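Open the model in your viewer and keep the selection tool handy. We will go from stop to stop, picking residues and looking at what surrounds them.

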Amino acid sequence: MEIPFTVKETAGVLRSSEPVEVGLPLPPGVADGENHWAVTDETGNAIPAQFKSLATYPDGSTRAIHAVFLIDLEPGQSRTLTVVNADPWTGPKLVSEENGKFRASLRHLTLWLDSFQRSRLTLYQERGENLWA
């Protein structure tokens, strides 16, 4: 299954690693909780993304999926992307949990949030130097 959709920059601003969220409906019976998805760009390359099922039909198949990913857009640019059935993503997740801390990787920056001390936030640069804690 392939589901094309368009992302458009409308404010006239350069977007670098801009978070995008999209919800997509699915027809009954085509996907279950075991399906794996990917967002692909215009050339078919996968964009790191995370998915979750939003709802199910009475038969247990997935009614809608929610995708979150990062994208670069020039001012006024539109990009047509596609959600496809895919092998499980083996690359890094946008957000992951490691040793009781949540890690968000945004290209050149890494953000850590300690799940036990929710007020503790640490920001690292790509080279690992602590920028702010």
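There are three salt bridges in this predicted model, a salt bridge being a side-chain nitrogen of Lys or Arg within 4 Å of a carboxyl oxygen of Asp or Glu. Before you click, note that residues are numbered from 1 along each chain as its sequence is written, and that side-chain values use heavy atoms, with hydrogens and water left out. Because this is a prediction, local features need pLDDT of at least 70 and side-chain atom pairs count only at pLDDT 80 or more, while totals for chains, interfaces and linings use all residues.

**Stop 1: a charged network**

Select Glu9, Arg15 and Glu18, which are linked in a network of salt bridges. Between glutamate 9 and arginine 15, the closest N and O atoms are 3.2 Å apart. Between arginine 15 and glutamate 18, the corresponding distance is 3.5 Å. Side chains of opposite charge can pair when their charged atoms come close.

Now colour by accessibility: buried means under 20% relative accessible area, exposed over 50%, and partly exposed in between, using a 1.4 Å probe and protein chains only. Glutamate 9 is buried at 3%. Arginine 15 is partly exposed at 23%, and glutamate 18 is partly exposed at 28%.

**Stop 2: serine 17**

Next, pick serine 17, found in strand β2. Strands (E, at least two residues) are DSSP runs, numbered from the N terminus. Serine 17 has a positive phi, near 55 degrees, in a residue other than glycine. With 17% relative accessibility, serine 17 counts as buried.

**Stop 3: a bridge across the sequence**

Which residue forms a salt bridge with arginine 79? Select glutamate 42: the closest N and O atoms of this pair are 3.1 Å apart. Arginine 79 sits in strand β7 (residues 78-85) and glutamate 42 in the loop between β3 (37-40) and β4 (46-47), so the pair ties together parts that are 37 residues apart in sequence. Arginine 79 counts as buried at 15% relative accessibility, whereas glutamate 42 is partly exposed at 47%.

**Stop 4: alanine 38**

Stay in strand β3 and choose alanine 38, which is buried with a relative accessible area of 11%. Measure from its C-alpha to that of asparagine 85: the two are 6.4 Å apart in space, yet 47 residues apart in sequence. Not counting residues up to four places away in sequence, alanine 38 touches Phe51, Thr82, Val83, Val84 and Ala86; contact here means heavy atoms within 4.5 Å.

**Stop 5: the nonpolar core**

Show Phe5, Val7, Leu24, Val39, Phe69, Leu81 and Val83 as sticks; they have the most contacts inside the largest nonpolar core, which has 19 residues. Such a core is a set of buried Ala, Val, Leu, Ile, Met, Phe, Trp, Tyr and Cys residues joined through side-chain atoms within 4.5 Å. Strands β1 (2-8), β2 (15-25), β3, β6 and β7 each supply at least two residues of this core, and β6 gives the largest share, with five.

Click on leucine 24 and list its contacts: leaving aside neighbours within four places in sequence, they are Ile3, Phe5, Arg63, Ala64, Ile65 and Val83.

**Stop 6: the β5 and β6 hairpin**

Finally, select residues 49-56 (β5) and 62-73 (β6), which pair in the antiparallel sense over seven bridges. Two strands count as paired if DSSP finds at least two bridges between them. Look across from lysine 52 to its bridge partner in β6, histidine 66. The hairpin has five residues between the strands, and glycine 60 takes a positive phi near 90 degrees.

Definitions and conventions. Helix = DSSP H or I, 4+ residues; strand = E, 2+ residues; numbered from the N terminus.
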